[in-house]
Amino acid sequence: MFSYLPLFLKGEVVKGFGRGSKDLGCPTANYAREVTQSLPDNLKPGVYYGWAQVDQQDVHKMVVNIGWCPFYQNKEMSVETHIMHQFENDFYGSMLKICIAGYLRPEMNFNSLDELITAIKQDINNASNELDLPDSIMLKNNNFFTCD
Ligand code: ADP
Ligand code: RBF
Ligand code: MG
């Protein structure tokens, strides 16, 4: 089912939809279309967890949403990564490497923005717990993050 995991992706951070995810306490770093189009054909849209690295900096926990965001009915598939770290500044134009380690849930529609935010907070908790497990920690130390 998830034979394509762990999945390693790398690309430039571009401007996203500008919906103010940041104001919701959940900024998401978006990839350009090249990355989205390079995904495995059998990839299941949904919410995943793993590790993220901006340029050559530290590796942090992350959650990533891959899909069409039914709540907003996007026309194009997106890959949006929320990194569980407080950054001093935006990093548009930086190189973002992610290692997708596991799957959390399918993308869903919600009746309100509040419900979406509640679900995202739960995702962050679940991801954090999964990422404390030894199998996940092994991926954090993968040489994908140390080589160019
Ligand atoms: P956009 O619609 O342009 O993607 P967002 O409101 O989703 O805007 O904010 C995303 C941007 O916020 C990222 O491209 C990055 O430059 C910045 N950012 C700051 N902190 C984080 C973080 N912890 N995780 C992801 N992006 C962050
Ligand atoms: N959008 C959806 O329409 N449905 C979802 O189930 C959903 N889950 C998400 C989970 C996470 C962890 C993140 C970071 C985003 C998710 N989104 C989802 C995308 C969300 O709509 C987008 O980031 C908005 O821009 C937030 O305001
Ligand atoms: Mg975004």
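**Two ligands and their surroundings in a predicted model**

A nitrogen atom of ligand 2 is placed 2.8 Å from a polar backbone atom of methionine 108. I begin with that contact and should say at once that the model before you is predicted.

Let me stay with ligand 2 for the first part of this talk. Two further polar approaches involve side chains. A polar atom in the side chain of glutamate 80 is 2.9 Å from an oxygen atom of ligand 2. For arginine 105, a side-chain N or O atom comes to 2.8 Å from an oxygen atom of the ligand. As for the ligand's own surface, which has 540 Å² of accessible area when ligand 2 is taken alone, the protein covers 99%.

Which residues make up these surroundings? There are 20 residues around ligand 2, and the closest are Ser21, Phe71, Glu80, Arg105 and Met108. By class, the shell consists of 12 nonpolar, 3 polar and 5 charged residues. In terms of secondary structure, strand β4, residues 59–67, and helix α2, residues 113–131, each contribute at least two residues to this shell. Helix α2 gives the most, with 3 residues. The site as a whole can be described by its pocket: ligand 2 sits in the largest pocket.

Arginine 105 deserves a closer look. This residue belongs to strand β6, which covers residues 95–105. Is arginine 105 buried or exposed? Its relative accessibility is 14%, and it therefore counts as buried, the cut-off being under 20%. Besides its approach to ligand 2, the arginine 105 side chain makes a polar contact of 2.8 Å with the side chain of aspartate 123.

Strand β6 also holds tyrosine 103. With a relative accessible area of 21%, tyrosine 103 is classed as partly exposed. Its C-alpha atom is 26 Å from that of aspartate 148, a residue 45 positions away along the chain.

A second tyrosine, tyrosine 48, lies in strand β3. Tyrosine 48 is buried, at 0% relative accessibility. How far is its C-alpha atom from that of proline 106? The separation is 9.1 Å, although the two residues are 58 apart along the chain.

I now turn to ligand 1. Here the polar approaches I wish to show come from the backbone. A backbone N or O atom of phenylalanine 91 is 2.7 Å from an oxygen atom of ligand 1. For threonine 28, a backbone N or O atom lies at 3.0 Å from a ligand oxygen. For lysine 22, a polar backbone atom is 3.1 Å from an oxygen atom of the ligand. Of the 570 Å² of accessible area that ligand 1 has on its own, the protein covers 94%.

The shell of ligand 1 comprises 18 residues, of which Gly16, Gly18, Asn30, Phe91 and Tyr92 come nearest. It divides into 8 nonpolar, 7 polar and 3 charged residues. Strands β2, residues 29–31, and β5 each supply at least two of its members. What space does ligand 1 take? It is the largest pocket, the description already given for ligand 2.

Finally, some remarks on backbone geometry. Most residues other than glycine have a negative phi, and most peptide bonds are trans. Against that background, three places may be pointed out.

The peptide bond from leucine 5 to proline 6 is cis, and its omega is near -5 degrees. Proline 6 is part of the segment that precedes strand β1, residues 7–14.

Aspartate 55, which is not a glycine, has a positive phi of about 45 degrees. This residue is in the loop that joins β3, residues 46–54, to β4. Its relative accessible area is 34%, so aspartate 55 is partly exposed.

Cysteine 69, likewise not a glycine, shows a positive phi of about 50 degrees. Its loop is the one between β4 and β5, the latter covering residues 78–83. Is cysteine 69 buried or exposed? At 9% relative accessibility, cysteine 69 counts as buried.

To close, I return to the two ligands. The protein covers 99% of the accessible area of ligand 2 and 94% of that of ligand 1. Around ligand 2, I showed polar approaches from glutamate 80, arginine 105 and methionine 108; around ligand 1, from lysine 22, threonine 28 and phenylalanine 91. Thank you for your attention.

Definitions and conventions
Residues are numbered from 1 along each chain as its sequence is written. Chains are lettered from A and ligands numbered from 1 in the order in which they are written. This is a predicted model: local features need pLDDT of at least 70, side-chain atom pairs count only at pLDDT 80 or more; totals for chains, interfaces and linings use all residues. Side-chain values use heavy atoms; hydrogens and water are left out. A residue is near a molecule or strand if one of its heavy atoms lies within 4 Å of it. A polar contact is a pair of N or O atoms within 3.5 Å; within protein, one must be able to donate a hydrogen and the other to accept it, and residues adjacent in sequence count only if both atoms are side-chain atoms. Accessible areas come from the Shrake-Rupley method with a 1.4 Å probe; for residues, only the protein chains shown count as cover. On a 1 Å grid over the protein atoms alone, a cavity is a set of points where a 1.4 Å probe fits but cannot get out, and a pocket is an open set with protein on both sides within 12 Å along at least five of seven lines; lining residues have an atom within 4 Å of a point. A molecule sits in a cavity or pocket if more than half of its atoms lie within 2 Å of its grid points. Helices (H or I, at least four residues) and strands (E, at least two) are DSSP runs, numbered from the N terminus. Ala, Val, Leu, Ile, Met, Phe, Trp, Tyr, Cys and Pro count as nonpolar, Asp, Glu, Lys and Arg as charged, and the others, Gly among them, as polar. Buried means under 20% relative accessible area, exposed over 50%, partly exposed in between (1.4 Å probe, protein chains only).
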